[in-house]
Amino acid sequence: MNQGTSVVSVNHVCRTFGSKEVLKDISLQVAKAETFGILGPSGSGKTTLVKLLTGIDEVTSGEVRVLGIPMPKLAMLQQIGYMAQSDALYTELSAKENLEFFAALYGLKGGNRTRRIRDVLELVNLQDHLRKRIDQYSGGMKRRLSLAIALLHEPPLLLLDEPTVGIDPVLRQSIWKELKALNRKGTTIVLTTHVMDEAEKCDRLAMIRDGELLAVNTPAGLLNATASASLEEAFLYYGGVRR
């Protein structure tokens, strides 16, 4: 893939914390309007990689570019919708107050702000809980609100860290339907997951284990390359577990 046309470009990225190397020489490109999945077990480096893409964290060596701009860059926050693994919500406020706050942060005004808040609430099915304080929300409801906030300002790039953990299967299906609709409108989506049926919905996957990039391919390509019947099998194959 041509680096110039990539929305996300990661080149020879390493990230160390003290003596621990969390990411080891990672290089990958993500194209416009692609759903790109980062698949790996807990502790594999997925969240660290996403934090480098958002600019929350900095590389030890190598380079990360988002929309052609070297990261981290504060001005890029307007271009990114980020959903962290732990919900960054103001628990003493209601859902409506949280949405109003983040909408103002993203510079949404007037009728557009009202419309966007209504649309994202509908998507995550929280219309009936709009005035409830967040400390009264269940874990799944908090995940849904976090996703709504990430989608608020219609960014060209969405970075979602395990977005559907704790969300019921029916709603998960409708969220995926919306993510695919966003792809069709030109939104690029990078998400982490360790759920195989979600990995299958991605256009391409990066398999990561112990901070190393094992493979990047389409789900079908990964199955073919490893002669596997399932992505789980392919992942075990790349992780050194031979059948």
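Salt bridges are a good way into this predicted model, and the count here comes to 16. Start with Glu212 and Lys24, whose closest N and O atoms are 4.0 Å apart. Glu212 sits in strand β10 (residues 212-217) and Lys24 in strand β2 (residues 20-31), so this bridge ties together parts of the chain that are 188 residues apart in sequence. Both ends are partly exposed: Glu212 has a relative accessibility of 41%, and Lys24 comes in at 28%.

Now follow β2 to the loop after it. Glu34 lies in the loop between β2 and β3 (35-39) and Arg204 in strand β9 (residues 204-209), so their pairing ties together parts 170 residues apart in sequence. Here the closest N and O atoms are 2.4 Å apart. Arg204 is buried, and Glu34 is buried too.

Over among the helices, Glu100 bridges to Arg113 with 3.2 Å between the closest N and O atoms. Since Glu100 belongs to helix α2 and Arg113 to helix α3 (residues 110-123), the pair ties together parts 13 residues apart in sequence. Glu100 is partly exposed at 25% relative accessibility, and Arg113 is partly exposed at 22%. There's also a network to look for: salt bridges with shared partners join Arg115, Arg116, Arg118, Asp119 and Glu154.

On to the aromatic rings, which give four pairs. Take Tyr90 and Phe101: their ring centres are 5.1 Å apart and their planes meet at 75°, so the pair counts as edge-to-face. Tyr90 is in the loop between β6 (80-83) and α2 (95-105), while Phe101 is in helix α2 itself, 11 residues away in sequence. Tyr90 is partly exposed, at 36% relative accessible area, and so is Phe101, at 35%. Phe101 also pairs edge-to-face with Phe102, at 5.2 Å centre to centre and 80° between the planes. Phe102 has a relative accessibility of 13%, so it counts as buried. Put together, Tyr90, Phe101 and Phe102 make one aromatic cluster.

Rings also have charged residues over their faces. Arg15 lies over Phe17, 4.1 Å from the ring centre, and Lys201 lies over Trp176, 5.8 Å from the ring centre.

One more stop is Lys142, in helix α4 (residues 139-151). Lys142 is partly exposed, with a relative accessible area of 24%. Setting aside neighbours within four places in sequence, Lys142 is in contact with Asp87, Leu89, Ile134 and Tyr137. As for Ile167, it lies 25 residues from Lys142 in sequence and 9.6 Å away in space, C-alpha to C-alpha.

Methods:
Residues are numbered from 1 along each chain as its sequence is written. This is a predicted model: local features need pLDDT of at least 70, side-chain atom pairs count only at pLDDT 80 or more; totals for chains, interfaces and linings use all residues. Side-chain values use heavy atoms; hydrogens and water are left out. Rings of Phe, Tyr and Trp (its six-membered ring) pair if their centres lie within 6.5 Å; planes under 30 degrees apart count as stacked, over 60 as edge-to-face and the rest as tilted. Helices (H or I, at least four residues) and strands (E, at least two) are DSSP runs, numbered from the N terminus. Buried means under 20% relative accessible area, exposed over 50%, partly exposed in between (1.4 Å probe, protein chains only). A charge sits over a ring if NZ of Lys or CZ of Arg is within 6 Å of the ring centre and within 35 degrees of the ring normal. Contact means heavy atoms within 4.5 Å. A salt bridge is a side-chain nitrogen of Lys or Arg within 4 Å of a carboxyl oxygen of Asp or Glu.
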